[in-house]
Amino acid sequence: MIVESGREDGLDDETILKRMQDKLGMARKEEEVYLEQYGRQTV
């Protein structure tokens, strides 16, 4: 949900990862795996 809403809001990966950490208390590696699962933004 955080990844999806972040994408809809046009947020970059770092901002989405920060939100996940703040709201879910996830470790950085877990966040990266989760974000990768839903696809990283291409530059």
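The paragraphs below walk through a predicted model, from its overall fold to its core and its charged side chains.

The secondary structure of the chain consists of three helices and zero strands, in the order α-α-α along the sequence. Helix 1 covers residues 2–8 and helix 2 covers residues 13–24, while helix 3 takes in residues 28–37. The mean pLDDT of the chain is 84, and 88% of the residues score at least 70. Among the elements, helix 2 has the highest mean pLDDT, 90, and helix 3 the lowest, 86. Where pLDDT is low, the predicted coordinates should not be read in detail.

The chain has 43 residues, of which 26% count as buried. Its exposed surface is about 3300 Å², with carbon and sulfur atoms supplying 50% of that area. Of the contacts with a separation of 6 or more, 32% are between residues 24 or more positions apart.

The interior comes next. In soluble globular proteins, nonpolar side chains tend to be buried together. Here the largest nonpolar core has eight residues: Ile 2, Val 3, Leu 11, Ile 16, Leu 17, Met 20, Met 26 and Leu 35. Helix 1 and helix 2 are the elements that each give two or more residues to this core, and helix 2 has the largest share, with three. Ile 2, a member of the core, shows how the chain packs against itself: leaving aside residues up to four places away in sequence, Ile 2 touches Ile 16, Arg 19, Met 20, Lys 23 and Leu 24.

Glu 31, in helix 3, is a charged residue in a buried position, and no salt bridge is found for its side chain. The nearest side chain of opposite charge is that of Arg 28, at 4.5 Å. Because a salt bridge requires the nitrogen and the carboxyl oxygen to be within 4 Å, the pair of Glu 31 and Arg 28, at 4.5 Å, is not counted. Beyond four places in sequence, the residues that Glu 31 touches are Leu 17, Met 20, Gln 21 and Met 26.

Side chains of opposite charge can pair when their charged atoms come close. A search of the whole structure finds four salt bridges. One of them joins Glu 14 to Arg 28, with the closest N and O atoms 2.9 Å apart. This pair links distant parts of the chain, since Glu 14 is in helix 2 and Arg 28 is in helix 3, 14 residues apart. Both partners are partly exposed: Glu 14 has a relative accessibility of 48%, and Arg 28 has 36%. Glu 14, Arg 28 and Glu 32 are linked in a network of salt bridges. Within this network, Glu 14 and Glu 32 are 18 residues apart in sequence, and their C-alpha atoms are 9.7 Å apart.

Another salt bridge pairs Asp 13 with Arg 7, where the closest N and O atoms are 3.0 Å apart. Asp 13 counts as buried because its relative accessibility is 12%, whereas Arg 7 is partly exposed at 24%. Lys 18 and Asp 22 also meet in a salt bridge, at 2.9 Å from N to O. These two residues both lie in helix 2, four residues apart, which is about one turn of the helix. Lys 18 is partly exposed at 45% relative accessibility, and Asp 22 counts as exposed at 52%.

How values were computed
Residues are numbered from 1 along each chain as its sequence is written. This is a predicted model: local features need pLDDT of at least 70, side-chain atom pairs count only at pLDDT 80 or more; totals for chains, interfaces and linings use all residues. Side-chain values use heavy atoms; hydrogens and water are left out. A nonpolar core is a set of buried Ala, Val, Leu, Ile, Met, Phe, Trp, Tyr and Cys residues joined through side-chain atoms within 4.5 Å. Buried means under 20% relative accessible area, exposed over 50%, partly exposed in between (1.4 Å probe, protein chains only). Contact means heavy atoms within 4.5 Å. Lys and Arg count as positive and Asp and Glu as negative; His and the chain ends are not counted. pLDDT is the predictor's confidence in each residue, from 0 to 100. Accessible areas come from the Shrake-Rupley method with a 1.4 Å probe; for residues, only the protein chains shown count as cover.
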